[in-house]
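Work through the exercises below with the structure in view. Try each task before you read its solution.

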Amino acid sequence: MEISAARSWFGSRWIPTARSSGLAAAGGFAAAGLGCYVPDIPLAFALAGLVPAAIARSPARRFAIALGWHAAPMLPAAVGLWHLGGTGITAGLLAAWWVLTALAFAWLNTGIAIALSLMIPWHIGSVVLAAGDLWPGAGNGGLALMILVFAALSAQPGGSGRWRRLWLLIVLAMAAASVGSAWQLHVPARPSGFTEVRAWPRPALTTAAHDRSRMAALERITGDILVLGENVVHRSEPSAIDRWCEFAARQGSLLYVGVLEPDGTRSTIHALDLEHCVPRPVYERTIGLPGVTGGWRIGQGDIEAVLLDDRRFHWTICFETFTPLAWLLKPGKRGAIVAVIANDRWVRPVPVAVMREKVGRSMARLWGMAPVFATTDRTVSMRKSPVNVSRDRQ
């Protein structure tokens with residue numbers, strides 16, 4: 001009898017429950033993955049994967065959906081950690097954060113869980129990153145609206161019957177309308193005079209040879225300003241800055257170039273002055289991913305305020321593009337230009353560049369900014385028209 005009862009319990013309850021939870025997690029991962037990594041699908045599509053978590057009644061079901069959903073945006077951090085030789089401690093912290101995030105979505109109102117995630121600088125894959133797709137130009141109000149919508153979805157009426165069915169119809173209608181609207185969104189035009197150009201350096205064994213290869217790829221590009229990607233220059237190599245100063249002088253261009261500082265944790269943007277070629281930082285990455293792209297400290301952000309034809313120039317570097325707090329900390333966002341700087345070789349084959357471009361455009365659209373993208377080995381942003389560049393010390 002006991003053996004029969006045990007078989008009955010495992011056969012009729014545990015296996016179907018595990019199967020349904022696995023399917024729920026897979027569905028959340030699939031929706032988030034499509035929204036994050038498939039170029040022709042809007043970022044807002046990923047939100048469809050969290051709607052079931054918001055309306056599900058079972059904490060176990062909500063946990064499974066949230067666990068699967070958050071696995072997609074956390075994937076680049078996990079791969080980057082692996083390639084960069086992260087320690088077991090940082091791997092454990094990443095796994096713990098993944099599980100704790102899913103638990104928060106399982107036991108709390110979804111809107112409250114999203115609001116709490118905004119308070120953590122290093123949270124990965126915040127739902128509000130898609131707010132610009134749904135409510136362009138709404139600014140901080142778009143973030144609040146995203147939280148309120150999911151809070152309302154979670155606060156569904158109790159009981160069953162026609163009220164619950166009506167609520168589910170409303171949810172489905174809202175989800176369909178939001179995703180349909182996002183699908184029709186336009187890609188914002190780049191700032192006037194800026195063009196993104198592919199420049200592929202040849203493989204090289206030494207830092208000097210790599211720099212010369214990159215310079216050769218850039219020589220065909222002319223412009224008043226060249227914006228290069230993250231960590232193009234390594235300050236630990238004494239002559240690297242001198243080589244790039246000479247290149248700026250030959251090109252007759254003002255270079256904004258990503259620099260890895262000697263401590264290995266601080267990424268900065270340096271301006272290479274054309275007259276005396278004295279490099280100086282204009283921006284320090286505000287937020288990095290501890291153990292992967294930086295330490296636990298909060299960076300300085302803007303060091304010099306750069307204005308291009310009276311338009312404020314902002315920066316985001318690598319991981320901080322995915323951090324809503326990094327965007328919130330930028331003053332005077334509306335009407336500004338934002339350069340999204342990255343180096344994605346550490347997360348291959350995950351197409352994080354697709355996700356970064358989607359997030360960068362969504363966040364820029366939310367505050368009415370115009371984005372340009374510069375990566376280490378794929379894209380260079382340049383400006384051809386004469387410009388008036390002024391800088392003010394912060």
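Buried means under 20% relative accessible area, exposed means over 50%, and partly exposed covers the values in between. Keep these cut-offs at hand. The model is predicted.

**Exercise 1. Place S58 and classify its exposure.**

Task: Find where S58 lies, and decide whether S58 is buried, partly exposed or exposed.

Solution.
- Step 1. Locate the residue. S58 sits in the loop between α2 (51-55) and α3.
- Step 2. Take its relative accessible area, which is 35%.
- Step 3. Apply the cut-offs. S58 is therefore partly exposed.
- Step 4. Look across the chain. S58 and A106 are 48 residues apart along the chain, and their C-alpha atoms are separated by 8.1 Å.

**Exercise 2. Do the same for G22.**

Task: In which element does G22 lie, and what is its exposure class?

Solution.
- Step 1. G22 belongs to helix α1 (residues 2-37).
- Step 2. Its relative accessible area is 38%, so G22 is partly exposed.
- Step 3. Now pair G22 with R61. They are 39 residues apart along the chain, with 9.4 Å between their C-alpha atoms.

**Exercise 3. Survey the whole chain.**

Task: How many helices and strands does the chain have, and what percentage of its residues count as buried?

Solution.
- Step 1. Count the elements. There are 12 helices and 13 strands.
- Step 2. Turn to burial. The chain has 394 residues, and 50% of them count as buried.
- Step 3. Consider contacts between residues at least 6 apart in sequence. Of these, 70% join residues at least 24 apart.

**Exercise 4. Describe how α9 and α10 pack.**

Task: What are the angle and the axis distance for helices α9 and α10, and which residues meet?

Solution.
- Step 1. Recall what is needed. A packed helix pair is described by the angle between the two axes and the distance between them.
- Step 2. Find the helices. α9 spans residues 207-218 and α10 spans residues 240-251.
- Step 3. Read the geometry. The angle is about 15°, and the axes are 11 Å apart.
- Step 4. Classify the angle. Angles under 35 degrees count as roughly parallel. α9 and α10 are therefore roughly parallel to each other.
- Step 5. Add the handedness. α9 passes α10 in a right-handed crossing.
- Step 6. List the partners. From α9 come T207, A208, D211, R214, M215 and L218; from α10 come A240, R243, W244, F247, R250 and Q251.
- Step 7. Sort them by class. The contact of α9 with α10 has 6 nonpolar, 2 polar and 4 charged residues.

**Exercise 5. Describe how α5 and α7 pack.**

Task: At what angle do helices α5 and α7 cross, and what classes of residue make the contact?

Solution.
- Step 1. Find the helices. α5 covers residues 110-118, and α7 covers residues 140-154.
- Step 2. Read the geometry. The axes come within 6 Å and cross at roughly 145°.
- Step 3. List the partners. T110, G111, I114, A115 and L118 in α5 meet I147, F150, A151 and S154 in α7.
- Step 4. Sort them. The contact of α5 with α7 has 6 nonpolar, 3 polar and no charged residues.

**Exercise 6. Explore the nonpolar cores.**

Task: Which residues touch the most other members of the largest nonpolar core?

Solution.
- Step 1. The largest core has 79 residues.
- Step 2. F150, V227, Y256, F313 and W315 touch the most other members.
- Step 3. Helix α3 (residues 59-83) gives the largest share of this core, 9 residues.
- Step 4. Another core, of 19 residues, lies apart from the largest one. L218, L228, I241 and W244 are among its members.
- Step 5. Link back to the helix pairs. F150 is one of the α7 residues that meet α5. L218 and W244 take part in the contact of α9 with α10.

**Exercise 7. Examine two residues with positive phi.**

Task: Where do N231 and C318 lie, and are they buried or exposed?

Solution.
- Step 1. Phi of N231 is near 55°, a positive value in a residue other than glycine.
- Step 2. N231 lies in the loop between β2 (225-227) and β3 (233-234). Its relative accessible area is 14%, so N231 is buried.
- Step 3. Phi of C318 is near 55°, again positive in a residue other than glycine.
- Step 4. C318 lies in the loop between β9 (311-317) and α11 (324-328). At 8% relative accessibility, C318 counts as buried.

**Exercise 8. Trace the surroundings of S267.**

Task: Which residues does S267 contact, leaving aside its neighbours within four places in sequence?

Solution.
- Step 1. S267 lies in strand β5 (residues 267-272).
- Step 2. Its relative accessible area is 2%, so S267 is buried.
- Step 3. The contacts are E230, N231, V259, L260, Y283, E284, R285 and I317.
- Step 4. Take E284 from that list. S267 and E284 are 17 residues apart along the chain, and their C-alpha atoms are separated by 6.1 Å.

Note on methods:
Residues numbered from 1 in each chain as written. Predicted model: local features only at pLDDT ≥ 70, side-chain atom pairs only at ≥ 80, totals over all residues. Heavy atoms only, no water. Axes fitted to C-alpha atoms, helices over the stretch in contact; angles between N-to-C directions. Helix = DSSP H or I, 4+ residues; strand = E, 2+ residues; numbered from the N terminus. Parallel < 35°, antiparallel > 145°, perpendicular 65-115°, else oblique. Left-handed = near helix turned anticlockwise from the far one by under 90°. Contact = heavy atoms within 4.5 Å. Nonpolar A, V, L, I, M, F, W, Y, C, P; charged D, E, K, R; others polar. Core = buried A, V, L, I, M, F, W, Y, C linked by side-chain atoms within 4.5 Å. Buried < 20%, exposed > 50% of the residue type's maximum accessible area, 1.4 Å probe, protein only.
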